[in-house]
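User: Hi! I'd like to go through this model with you, one question at a time. Could you keep the reasoning short and finish each reply with the value or name I ask for?

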Amino acid sequence: MRASRLISLLLLLQARGSMTAGELARELEVSERTVYRDVLALSAAGVPVYADRGRAGGYRLLGGYRTRLTGLTRDEAEVLFLSGLPGPAGDMGLADAVAAAELKVLAALPPALRDAPARAGQRFHLDVPGWFRETAPPPWLTELAQAVWRDRVVELRYRRGDREVARRVQPYGLVLKSGVWYLVGRVDDDTRTYRVDRVTGVEVGGESFERDEGFDLAGHWRVQAGSFLRTVLRAEVTVRLSPAGLRQLRHLVDAPFVYDELVAAAGAPDGQGWVVGQLPVESVEVAYHQLLGLGPEVEVLDPPELRRLFTDATDRFRALYR
């Protein structure tokens, strides 16, 4: 346990340059007294840890000291090559950087762990894009990725419906969701999201912006995605589902919370095991095409126009298969 903590302390100093005892204690989840003892242990082992005195002081490594990755376990070494990023990184124009980084990590590994990338590659492959989608990256993705890395303001031209709009954007991050790239950025202190495949032009200037370091891209995306799905589902239909229909419905709805909320709010099954529930949908037309896949395992109760669509479909099916 202590050996692992000593390696973590060493790697923290190696990565961040200088850290106070309090900062190290918070990162390692130990007391400052434990940090003092660990620093003494590293010094006794020949690691050149130096303490800067004063209010702005802290611990740092002397002379650009670097350690080889000899403290990695086999699981830790293999997971480094299982990030799932080579494909998306290549889309952003970073394939060479990823390859170079992997080579450096591989060179730093002890001989016993040199087979880590081969073992990981033989056992796992992460295919990020969804089915039936183009695999080529969208135009302008590389330019946007470079602007994100360098915190550069971009002049963005974007296709919205049948017109094109221009925006001056501070690009905060890129998100890959089900094979679709999205740009998250600030426009006049407002955080907005753009589909990259709808971007028609990007101009990256020399102006930098000051990033809000408190911005959490992953947290923002979770909230944004949930809000987006709820705003899209503007209508509601009432359905009666058989046990088989209820199971199949899970695979037809786009948002998992739709199924979970219907099940939670549904009443007790009737004598045949059928349940009645309310289903949020994008529109009556979309609900028709979704629910039609359930066939005789669903009965539409409301609204009347959707029930009429199913009645008409039933008549046409009967005529076809008579």
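User: How far apart are the mean positions of the positive and negative charges of the chain?

Analyst: Happy to help, and please keep in mind that this is a predicted model. The chain has 42 positive and 43 negative charges. Taking the mean position of each set, the separation is 4 Å.

User: Thanks! Is the chain a compact globule or more spread out than one, and what is its radius of gyration?

Analyst: The chain holds 13 helices and 11 strands. For 322 residues the globule rule gives 20 Å, and the value for this chain is well over that, so the chain is more spread out than a compact globule. Its C-alpha atoms fill a box of roughly 90 × 50 × 40 Å along the principal axes. The radius of gyration is 28 Å.

User: What share of the contacts between residues at least 6 apart in sequence joins residues at least 24 apart?

Analyst: For context, 32% of the 322 residues count as buried, and the chain exposes about 20,300 Å², with carbon and sulfur atoms supplying 53% of that area. Among contacts between residues at least 6 apart in sequence, the share joining residues at least 24 apart is 63%.

User: Within what arc do the buried residues of H2 fall, seen down its axis?

Analyst: Helix H2 covers residues 21–28, and its buried residues are Ala-21, Gly-22, Leu-24, Ala-25 and Leu-28. Seen down the axis, these residues line one face of the helix, because they fall within an arc of 165°.

User: Which residue follows H2 with a positive phi?

Analyst: Most residues other than glycine have a negative phi. Just after H2 comes a residue whose phi is positive, near 60°. That residue is Glu-29.

User: Which residue in the loop between helix H7 and helix H8 should I look at, given the backbone angles?

Analyst: The loop runs between H7 (116–123) and H8 (141–150), and Trp-140 is found there. Its phi is positive, about 75°, although the residue is not a glycine. With a relative accessible area of 29%, this side of the loop offers a partly exposed residue, Trp-140.

User: And what is phi of Asp-151?

Analyst: Asp-151 is found in the loop between H8 and strand E4 (152–160). Phi of Asp-151 is positive, in a residue other than glycine, and lies near 55°.

User: Is Thr-238 buried or exposed?

Analyst: Thr-238 is found in strand E9, residues 235–241. Beyond its sequence neighbours up to four places away, Thr-238 touches Val-276, Gly-277, Gln-278, Glu-299, Val-300, Leu-301 and Asp-302. Its relative accessibility is 16%, and buried means under 20%, so Thr-238 counts as buried.

User: Asp-302 is one of those contacts. Which residue does a cis peptide bond join to Asp-302?

Analyst: Most peptide bonds are trans. Here omega is about 5°, and the bond is cis. The partner lies in the loop between strand E11 (298–302) and helix H13 (304–321). The residue joined to Asp-302 is Pro-303.

User: Last one: what distance separates the C-alpha atoms of His-220 and Leu-12?

Analyst: His-220 is placed in helix H9, residues 217–232, and counts as buried at 18% relative accessibility. Leaving aside neighbours within four places in sequence, His-220 is in contact with Val-184, Thr-191, Thr-193 and Phe-215. Leu-12 is 208 residues away along the chain, and the two C-alpha atoms are separated by 27 Å.

Technical notes: Residues are numbered from 1 along each chain as its sequence is written. This is a predicted model: local features need pLDDT of at least 70, side-chain atom pairs count only at pLDDT 80 or more; totals for chains, interfaces and linings use all residues. Side-chain values use heavy atoms; hydrogens and water are left out. Buried means under 20% relative accessible area, exposed over 50%, partly exposed in between (1.4 Å probe, protein chains only). Helices (H or I, at least four residues) and strands (E, at least two) are DSSP runs, numbered from the N terminus. The arc is that of the directions from the helix axis to the C-beta atoms. The radius of gyration is taken over C-alpha atoms; the globule rule is 2.2 Å times the number of residues to the power 0.38. Contact means heavy atoms within 4.5 Å. Accessible areas come from the Shrake-Rupley method with a 1.4 Å probe; for residues, only the protein chains shown count as cover. Lys and Arg count as positive and Asp and Glu as negative; His and the chain ends are not counted. The place of a charge is taken as NZ of Lys, CZ of Arg, CG of Asp or CD of Glu.
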